[in-house]
Amino acid sequence: MNTFRQVRAAPNLLTMMRLFVLPFLVIQILDAHWRVAFALLWIAGISDGLDGLLARWLHQSTKLGEYLDPIADKALLSTLFLVLTHVGVIPLYVTVLVFSRDLGILLISTLLYVTNTLRDFRPTWLGKLSTAVQILAVLTVMTVQVFHPAGLLHGKHWLLIAVAWLAPLSAAQYAWLVLRRINESGGATQVASTTAKNA
């Protein structure tokens, strides 16, 4: 599938719409128009679920979509953490820990890729859990700002604490697994080299 056809694919158009909605979502939060921001967030969330379904139903899975979808998800989540911290509804320390985790993983992955040490960067189960809790935390924060349910205030508090703990823990697990895989691949290379010499 050529580049233009990949761009025109329905799942990719939905993903690009999610990116298009993002600046308007930020503006509404900064202007304290929480109901509009909440509606835009749900539009973005629904489009995220639909693009994967459409890719399977229409058989329109593309290489562009494989890269574009996680980029759009990360852009949405990271931007929301920044702007919600700026307006004072997410503590600064939580966002610092989240961004430190993401930056650390990005630097490790880039360094290993550039040096051709490792090319396969699989997500860890703690990383997946961390992302899921971050999404739930953002949804809860936005819900509290719109509907003010007393019961969710405690949920918001504990979710943000969970985000703060999971960010460094998932980064540590990622680093440990990467180091283990590097050691295993190094050992395999040494065995192969010894076998070749003795052959």
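**Reading the core and the ring pairs of a helical model**

Me: Where should I begin, and which residues have the most contacts inside the largest nonpolar core?

Reply: In soluble globular proteins, nonpolar side chains tend to be buried together. In this structure, which is a predicted model, the largest nonpolar core holds 33 residues, and those with the most contacts inside it are Leu25, Ile29, Leu80, Leu84 and Met142. Two or more residues of this core come from each of the elements α2 (10-30), α3 (34-57), α4 (63-86), α5 (92-114), α6 (125-147) and α7 (150-198), and the element that gives the most is α6, with seven residues.

Me: If I pick out Ile29, which residues is it in contact with, once its neighbours within four places in sequence are left aside?

Reply: With those neighbours left aside, Ile29 is in contact with Trp34, Ala37, Leu80, Val83, Leu84, Val87 and Met142. Among these partners, Leu80, Leu84 and Met142 are also listed, like Ile29, as having the most contacts inside the core.

Me: How many helices and strands are there in the protein?

Reply: The protein has seven helices and zero strands, and reading along the sequence gives the pattern α-α-α-α-α-α-α. Of the contacts with a separation of 6 or more, 77% are between residues 24 or more positions apart, while buried residues make up 36% of the 199 residues.

Me: How is a pair of aromatic rings described, and what does a search of the whole structure find?

Reply: A pair of aromatic rings is described by the distance of the centres and the angle of the planes. The search of the whole structure finds three aromatic pairs. One of them joins Phe20 and Phe24, is tilted, and has 5.3 Å centre to centre with 55 degrees between the planes. These two residues are separated by about one helical turn because they are four residues apart in helix α2.

Me: Are Phe20 and Phe24 buried or exposed?

Reply: Phe20 counts as exposed, at 55% relative accessibility, whereas Phe24 is partly exposed, with a relative accessible area of 41%.

Me: What kind of aromatic pair do Phe38 and Phe147 form, and where do they lie in the chain?

Reply: Phe38 and Phe147 form an edge-to-face pair, with 5.6 Å centre to centre and 85 degrees between the planes. This pair links distant parts of the chain, since Phe38 is in helix α3 and Phe147 is in helix α6, 109 residues apart. Phe38 counts as buried, at 13% relative accessibility, and ring pairs link Phe38, Trp42 and Phe147 into a cluster.

Key
Residues numbered from 1 in each chain as written. Predicted model: local features only at pLDDT ≥ 70, side-chain atom pairs only at ≥ 80, totals over all residues. Heavy atoms only, no water. Buried < 20%, exposed > 50% of the residue type's maximum accessible area, 1.4 Å probe, protein only. Contact = heavy atoms within 4.5 Å. Core = buried A, V, L, I, M, F, W, Y, C linked by side-chain atoms within 4.5 Å. Phe/Tyr/Trp six-rings, centres within 6.5 Å; stacked < 30°, edge-to-face > 60°.
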